[in-house]
Amino acid sequence: MKDPTTYFPGDSLNEADPPGLSAFRSSRRAFIKGVIASGAVAASSGYLLSGCAPGEGPAAGSVERLISLNVNGRIRRVDVLPNETLAMTLRYKLGLTGTKLACDRGECGACTVVIDGMTNYSCSTLTHTVGSRSVRTIEGLEGPDGELHPIQQAFIDELGPQCGFCTPGQIMSTVVLLERNPKPTRDEARRALSGNLCRCGAYDHYLNSVMRAAEVI
Amino acid sequence: MAYSLIGKDFTPPDIRGKVTGKAKYAEDFSAAGMVYCKMLLSPMPHAQVSNIDVSDAMSMDGVVGVLTADDVPAMDGAAQAILTNTPRYVGAPILAVAAIDETTAADALEKIRYDIEPLDFVLDPLQSLYPGGTNAQAAGNVASMGIPLQEIKWTARDFASADPDQFPMTGKAVSEWSYGDLEKSFSEAAVVYDESFVTASNSHHSMEPRSAMSYWENGKCFLFGSSQSQSFMIPGLAAYIGIEPRDLVYIAEYCGGGFGSKGAAYPIMALPAHMSKKIGRPVMMRISRAEEYYLGSNRAGFQGRVKLGVASSGKVTAVDLYIVQSSGPHNGYPDFNSAAGAVSICYQPNAMQYRGIPILTNTPPGGAQRGPGQNQIAMVMEPLLDKAARELGIDRLEIRRINAPNNDTIFGGRQRAVTSAYQTEALNKGALAFNWERTKKRSGERNGSKVIGVGVGQAYHSAGAAGFDGLVRIAPDGRLHIHSGIGNLGTYSYAATSRVVAEVLQCKWENCVIERGDTRKHLPWNFGQFGSNTSFTMSRSNHAAAMDARQKLLEIAAAEFGGSVDEYDIGEETVFSKADATKRLSYAQAAQRAIDMGGKYAGHEIPDDLNPMTSASAKAIAGSGLIGVAKDNYALDATPPALAAGFMVIELDTETGRFEILDYNGVIDCGTVIHPLGLASQVKGGAVMGIGLATTERIVYDPQNGLAANVGFNQAKPPSYLDVPSTLGTDAVNIADPQNPMGIRGMGEPVMGCAASALICAISDALGGHYFNRTPIVPDMIINAIAERKQSHKPLQVYTF
C-alpha cells in the first residue's frame, strides 16, 4: 500500500532494548536492592505490568501478597506482586491514572508522588517497600467537593502546563516544596522541581505557578 | 480592531484535567477483557528475518495471539510497515505477542524462535553515496515524501573534487532550484564564506510515549491514541488498519507532546487495532521510553556546504547551498527543502542556488521535528552572518535588519510572495527589551575564566494553510457548540481559535462548548496541530463557519419579523432589528426557529464544496439547532510566514566549556496575538527546546554495530530546569496579517530556531567569532576551540558523541 503518512505541507529498560546498551545506563542500585530485599529473584521484568488482567490470577509461582496501602487518606487493600512498582499499583490496580509513566526508570519525574511528605519517583519505588507510610497522588489534592487545591489553581491561572503529561509530577513536587518552604525564592523553586522534566519546556510558566501558589497558601 | 475575546487570556477548558490528573491520555483508557501486547524489536540495524516459529509461545498459559508482518499491510517504496521481516533499524518492530499481562507477553517473546541474518547497513549518508556504497534498503538509498525510492551514487570524481574535510558540491541532487545570477551576485560581494557543516539528528522524546489501545465493536474499530491531529490523520490511520475512514472511531483527547512526531498517522498506532481484530479482545500497547526512542522519530541530520556572499553594505548578495540529509530508513520528512526556503526568506539573497538529496540510513525513522530544516539551517547561517558583520564592521543586529524580509519579500524556488512580514519590527522590539546597544558592549567581558558572549538569532517557518472546513451549532438552549477537529497538542490553540467563533457571534465564552477529541463528536475536516499552522488555518475555517451562522441568524430574524437581512444585527446572544429593538430573538429562540425551518438552517442542506468528513458530521447533527458550516474559501495567494528573533547573553567558562544563559528575549511576528499567555508559553518553551538543540541533544550511533548509544532521557539530554534561565522574556510584533480575517498567523516553530541560533551566535561571540561548522556545540568542542586543538570528530562525521 501507499505510505499513509500523509504529507503535511510545512513548506513543503527493558527487553525492548537491543543488546549492548547496558554500558550506557546509570546504576539503579537502590532499586535492585529493593527487589532483592522483597524476595524477587528475577528483576528483569520489573517494569512490566503483570497480573493486572481482570478476572485473571497472578502469574504462576509469584510471591503474591495482599497488603494495605494508605493512599490519599484511604486504606486500600490491594494484591501486590513482589516486583511491582508503586506507579503500577497506583495506575493499574487502584485506577489512579493521574500519576504518569514517561521513562519508567527514574529519569523524568512524571510519576512523582508524595510519601510521608517526601517526593518519590513511584516508577522506582517497590510497592512492598511503602509499608504503612501515607501516599499522596495528584488525585488527593482536590477538596471533598472537588474544589481545587491552591497549587492546582495557580497552575491554571499561570497557564503552567502545555501538553500536561508531566504536570501531575510537577504539582506533587510543588506540594512538598511549599510544605517545607512556604515562601521559596524562584531559584529554590527551580531546584526543588529540577527532578521533573518537561519536554515542552514550560519551566518558566511552572515556576510562575509555584510562586503564585506560594503567595496564596 | 478591538475584540472582546481575541487577544485576551482565558482558561482553556482542558487545563483543569491536566492539573487534577483527570486528563485521559491513551494509556489511561481501559476496556473489559483488555489484553496487553509487547513487540519483538530488531536487535540489528538491517536484517532479514525468517522461519518464525511461534508454537512454543502460543502454547504458554495466558498468551492469546501473535501478530507478524504477514498480518499487516505491506508497504510500497520506502514507506515504513507496521511490522516487518526486513528490519532496517535497531528497534524496528518485527512481531508482537498479546497476553493477559505484559510479563507473560514478554516471556512469550523469549519463546519465539526465528532466524535473523544481518545485512549490510549504513549510518553515514555520504558513505551511502560513495561508489559502491551500502544502501539502507536493498532497492535504493534515496527517498522522501514525493521522491520515489531510487539508487543514486556520486562518482569518485565528485568526492575527489573537494578536499577530504570539505563537502563535495558536484554530486547529483534530486531537489534543486535557483534564481538570479549567482556568479554575478558572488562577484558583487565584499566577503564570501564557504563552509562545510554538520547538524546532528536529535530525538523527539515526547513525554508521553505513543501507547495506544484498540478494540472492535459492531464492525467499527475504536482506537485511543496520542496525536497532534484529530481529523487530518483519520484517512491515513484507517489505511494502516485497512478500513474505510467512516469505520474508525478515533479518540485522542490529550496528547502528551508530539513536536512533529505525532502530526499525521504513524504506523505503530495501528498495531493494537490489527491485534485486536485478530484475537477478538481489546488490546493495550504500552510503549516504553526505549521503544519511544526507536519508534518516536528524530529530526533529520544534515551534512552540507554553504557559500555566502555579502556586499560591503551588509546586503546578502548570493547563497549557494547543498544539503545531504540523513533521513532514517524510510520516507522521513523533507527538512532539506524547508531549510533552503528558510535561507531564501531570512536573508533575501539577490541570487541563490539550492541542491539537496535525502539519503536513507539504518537509524530510527526520521520525522518532522519543530522547525524541520528551518531550525537546523538557522544554526548554520546565523553565526555565518555574524562573521560577515564582524569583517565588514557592521553591527550584528543591523546586518539582520538590512536583510530582513518585509511585505515585498519574494522567496524560495517558486519565488512566492508573503502575506505580510515584519521581521525588522521583531528585531527592533527584541533589541529594545534586551537593551542590545548596552548588552552588546559586554561581549568579551572577562571575569576570571569566564567570558561573556552575546548573540542574536532568527528563524522562519510557514504559518498556515487554507481550504479546510468549519462547523458550529447553536443549540436550542442557546449554547454555542464549536466543532474542532484540529487536535490537541497542548498549545491551547484549539481553544484560542475556537474563540474566533464566539467573537464573530458575540457569544459569551462561558456559553461555548468545544466539541473535540473523539470522532463521535462529529468533527469537521481540519488540518492538524503542526507546521505552525493552527492559529492561521483554524481561525479561518472557524471564521467561515461563524459567518455562515451569523448570516443564518439574520435571515431567520428577517423571516420572523419581515424586512431584509441588512435591517438586522446580532449582539448579546440575540439577533435584533436595528430599527426596533423589540424585534429580537435570543440565540436559543433562533436555534429553535432553525430547526423548524429546516433546510440549510438546520444543516439538512449543506454546501457542495465541503470535505466528505465535514458533510457526514454536519448531517449527523442536522436538525439539532442552527448549523453554521462552510469551507474556508478566503483568498490565500501567498505564504503566511512566522518569523522570530531571539537575543541571548551567556557567561561561558573557558576552563570547562560550560555556560550559563544570563538573559533571553524572544520576539515573534505572527500577526494579531490571539492568546497572550499561550503565546508567551510557546516562545519560552520553544527557547528551551532550542537550547537543547543547539548544545546538548543528538543521537549517537556505534559505527561498528549500528547500535544506539543514547536511548533514554538521561543520555539524550533534553534541557531541565537547571539548564535554562528561570525567567525568559517574550514579546510579539502584533501587526494584523491581511490574509486572515482576524489578522492571525501561526508561530510555534521559529521560536525554537531563533533561540537555538541566538545561543550558537552567543557561544561563537564569547570565543571571538569562532565558527563551529557543527551542532550541537558541546563543551569538549568549546574546549578544543579555545585550546586551538583539532576536534575529536572528523569535519563531516555524523552520529558522534
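Me: What makes a stretch of chain a helix or a strand here?
Reply: Helices are DSSP runs of H or I with at least four residues and strands are DSSP runs of E with at least two, both numbered from the N terminus. On that basis chain A has 6 helices and 5 strands, in the order α-β-β-α-β-β-β-α-α-α-α. This is a predicted model, in which local features need pLDDT of at least 70 and side-chain atom pairs count only at pLDDT 80 or more, while totals for chains, interfaces and linings use all residues. Residues are numbered from 1 along each chain as its sequence is written, and chains are lettered from A and ligands numbered from 1 in the order in which they are written.

Me: Why is strand β3 of chain B called mostly covered?
Reply: A residue is buried if 20 or more other C-beta atoms, placed from the backbone, lie within 10 Å of its own (12 or fewer: exposed; in between: partly exposed). In β3(B), residues 63–67, 5 of the 5 residues are buried, so the strand counts as mostly covered.

Me: How do you know that β3(B) and β4(B) pair?
Reply: Pairing requires at least two DSSP bridges between two strands. β3(B) and β4(B), residues 93–99, have 4 bridges in the antiparallel sense, and therefore pair. Gly65(B) stands opposite Ala98(B) of β4(B).

Me: What makes the reach of α13(B) close to the expected one?
Reply: The expected span is 1.5 Å times one less than the number of residues. Helix α13(B), residues 423–434, has 12 residues, for which 16 Å is expected, and its first and last C-alpha lie 16 Å apart; the two therefore agree closely. Asn435(B), with a positive phi near 55°, follows α13(B).
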